[in-house]
Amino acid sequence: MQLVVGKIGRAHGIRGDVSVEVRTDEPELRLGPGAVLMTDPAGIGPLTVESGKVHSGRLLLRFAGVKDRTAAEALRGTFLIAEVDPDETPEDPDEYYDHQLIGLDVVLTDGTLIGELTEVVHLPYQDLLTVQRPDGTEVLIPFVEQIVPVIDLDEQRAVITPPPGLIDPADAVVVSSRDDADADAEAGAEESADSVDSGGSESSDDSTGGAA
């Protein structure tokens, strides 16, 4: 089975390094030195990873035969594809390969169908699940345990507990800063009134004092 594990970005430096948008949970395995990757467009590959490092939060790779910035920049936009055994599973039982997730039904805890999981988006800070709704629209679901507590591969479904507004923006809870300010002003006015009623002085014999 062929899986997209990365996308080449812009060149970095003058020695052939390129930044890579990682699209796998196992970059050390799929994009490590010695890995041979097919490409899309196919005519650019295969590419063999010669070295790699993380710089400013980005993965930088250097491929065999790519020796300068010009050659590196020519790779920009190329998808990197790995050959993966379809029966292979991650060592961590709480991790999944993209191909295991794509096609799952996404439902609420009461069984309400939200849509079909069509893509896993790998970002530096977290992964997102792209869900296509029955009406053709898409929604992005953060792939975190609090929101996606259950992945049931046997039943081919992902159970989600989305916060208000994530699925339907109309359900979002909006807090107005103006309302907050009005509430604070009202509370302040009430406190001032109470102070006047008690004699108008903020000091008392119980005050510990102190210098400002």
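Two strands pair if DSSP finds at least two bridges between them. Keep that rule at hand for these exercises on a predicted model.

**Exercise 1. Find the barrel.**
Work out which strands form the closed barrel, and in what order they run.

*Solution.*
Step 1: Start with strand E1, residues 2-12, which is joined to E6 by 5 bridges. Because two bridges are enough for a pair, E1 and E6 count as paired, and they run antiparallel.
Step 2: Look at the other partner of E1. Strand E2 (residues 17-22) is joined to E1 by 5 bridges, again antiparallel.
Step 3: Move to strand E3, residues 36-40, which pairs with E6 in the antiparallel sense over 3 bridges.
Step 4: Put the pairs into the full order. The closed barrel has 6 strands, running E1-E2-E5-E4-E3-E6 with antiparallel pairing. From one strand to the next, the twist averages 50°.

**Exercise 2. Match residues across the strands.**
Name the residues that stand opposite Leu3 and Ala11, and the bridge partner of Asp40.

*Solution.*
Step 1: Find Leu3 and look across to E6, where Ala82 stands opposite.
Step 2: Go on to Ala11, whose opposite residue is Val18 in E2.
Step 3: Finish with Asp40, which has Phe79 in E6 as its bridge partner.

**Exercise 3. Explore Thr78.**
Decide whether Thr78 is buried or exposed, and describe its surroundings.

*Solution.*
Step 1: Place the residue. Thr78 sits in the loop between helix H2 (69-73) and strand E6 (79-83).
Step 2: Check the cut-off. Thr78 has a relative accessible area of 1%; buried means under 20%, so Thr78 is buried.
Step 3: List neighbours. Leaving aside residues up to four places away in sequence, Thr78 touches Gly6, Lys7, Ile8, Thr39, Asp40, Pro41 and Ile44.
Step 4: Follow the side chain of Thr78, which reaches the backbone oxygen of Leu75 at 2.7 Å.

**Exercise 4. Do the same for Thr130.**
Find the element that holds Thr130, and say whether Thr130 is buried or exposed.

*Solution.*
Step 1: Thr130 lies in strand E9, residues 127-132.
Step 2: Its relative accessible area is 4%, so Thr130 is buried.
Step 3: Beyond residues up to four places away in sequence, Thr130 touches several others, including Glu116, Leu117, Val121 and Leu140.

**Exercise 5. Step back.**
State how many helices and strands the protein chain has, and what share of its residues is buried.

*Solution.*
Step 1: The protein chain has 4 helices and 12 strands.
Step 2: Buried residues make up 29% of its 212 residues.

Note on methods: Residues are numbered from 1 along each chain as its sequence is written. This is a predicted model: local features need pLDDT of at least 70, side-chain atom pairs count only at pLDDT 80 or more; totals for chains, interfaces and linings use all residues. Side-chain values use heavy atoms; hydrogens and water are left out. Helices (H or I, at least four residues) and strands (E, at least two) are DSSP runs, numbered from the N terminus. Buried means under 20% relative accessible area, exposed over 50%, partly exposed in between (1.4 Å probe, protein chains only). Contact means heavy atoms within 4.5 Å. A polar contact is a pair of N or O atoms within 3.5 Å; within protein, one must be able to donate a hydrogen and the other to accept it, and residues adjacent in sequence count only if both atoms are side-chain atoms. Axes are lines fitted to C-alpha atoms, for helices over the stretch in contact, and angles run from 0 to 180 degrees between N-to-C directions.
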